[in-house]
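Dear colleague,

Please find below the structure that I am handing over to you. My notes on its side-chain contacts come after it.

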Amino acid sequence: MALNVLNFHMPIAEINKTNIALVMKKKSPTKMTEFRPISLSNVTYKIIAKVLSNKLKDELLWGAAWLRKATQDDTYLNYIQSNGKTLGADENINEFGWDNKHAGLNVLVSKEVIEGNMYSLQSYKASADSFMCTLIPESSSSHIDYTPGGLLYRPGGSNMQHATSIAFISLVYANYLARTSQAINCGNIYVTPTTLRQQAKRQVDYILGDNPKGLSYMIGFSDYYPQRIHHRGSSLPSIKDYPQFIACKEGSIYFNSTNPNPNVLVGAVVGGPGEDDIYEDDRVDFKKSEPTTYINAPLVGALAYLAANPNPS
């Protein structure tokens, strides 16, 4: 039941109830103040509440960091300083995406350390450094996997979200470090801003076609890109060709078709290949063929930098 609530938004009215038990503080109490109230919540409800509170830890710090940047209000600075450890900012996280903001948080807050000498936030920079070291295959602390063709890979589907988001924050962190001529001590090697930029560029190049299949995972870029993406608007016929109303379940015939999508969703980036660089152009395999905003959004930032700096150094 807990998984159904968390993953499929099942209503929780039937378990959203709490009984109150009054425990005596003294023998033969005569006043309400002589009782201690204890709430007896449903176990499933407690599990759901605990999971949700854990999932929001990074969001609280992420929000405070952006509000600090936007307002320069010390209230948010104090919150970040006081709650970093409690809310998991120093946990060893090797991803950055819609469901885990810690890596981006650490990079964002590190700017105040690197450029503003805010040494009370040094732990955030240490975590950002550690994260960047995990990305470098030559580093002794590397524990990020790459496909044989060089794409950063994490299991679970929609892998391009990891490649685009990590490429973006690598470029951002490289800029912070470069402004103060800093490098990262990764134990056996020093990682420079140039290393981070080149690493990010390799991910973007892979996405745009420099990969074993020679396939651009951005729709409409080059002459060779996925034709059967998991996207309703792209796979249904145009209203000009089929003006009749198509109900929800009436789209199945188009979903299951092996024909290319009739509408080219230019600029969308799909989930990408598996750990072996293999990509089957299959609409049904949504983990690989579905484009998402959380794949495209960070790629926009990376492409903006690389368009202005095509040969990063």
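The notes below cover aromatic pairs and then salt bridges.

Please bear in mind that this is a predicted model.

Aromatic pairs

A pair of aromatic rings is described by the distance of the centres and the angle of the planes. Searching the whole structure gives five aromatic pairs. One of them joins W98 and Y294 in a tilted arrangement, with 6.0 Å from centre to centre and 40° between the planes. W98 sits in the loop between α4 (74-83) and α5 (102-114), whereas Y294 belongs to helix α12 (residues 293-308), so this contact ties together parts of the chain that are 196 residues apart in sequence. Y294 counts as partly exposed, because its relative accessibility is 31%, and the range for that class runs from 20% to 50%.

Y217 and Y279 make an edge-to-face pair, with centres 5.4 Å apart and planes at 80°. Y217 is found in the loop between α8 (193-207) and α9 (232-235), and Y279 in the loop between α10 (252-255) and α11 (286-289); the pair therefore ties together parts that are 62 residues apart in sequence. Both of these tyrosines, Y217 and Y279, are buried.

In addition, W62, W66 and F96 make up one aromatic cluster.

Salt bridges

Side chains of opposite charge can pair when their charged atoms come close. The structure contains ten salt bridges, and three of them are described here, beginning with R68 and D74. The closest N and O atoms of R68 and D74 are 2.9 Å apart. R68 is buried, at 5% relative accessible area, while D74 is partly exposed, at 44%.

A salt bridge also forms between the side chains of E115 and R179, at 2.8 Å from N to O. This pair links distant parts of the chain, 64 residues apart: E115 lies in the loop between α5 and α6 (122-135), and R179 in helix α7 (residues 160-179). E115 is partly exposed, with a relative accessible area of 35%, whereas R179 counts as exposed, at 52%.

Within helix α6, K125 and D129 are four residues apart, about one turn of the helix. Their closest N and O atoms are 2.8 Å apart, and the two residues form a salt bridge. K125 and D129 are both buried. Finally, R68, D74 and E112 are joined into one network by salt bridges that share partners.

With kind regards

Technical notes. Residues numbered from 1 in each chain as written. Predicted model: local features only at pLDDT ≥ 70, side-chain atom pairs only at ≥ 80, totals over all residues. Heavy atoms only, no water. Phe/Tyr/Trp six-rings, centres within 6.5 Å; stacked < 30°, edge-to-face > 60°. Helix = DSSP H or I, 4+ residues; strand = E, 2+ residues; numbered from the N terminus. Buried < 20%, exposed > 50% of the residue type's maximum accessible area, 1.4 Å probe, protein only. Salt bridge = Lys/Arg side-chain N within 4 Å of Asp/Glu carboxyl O.
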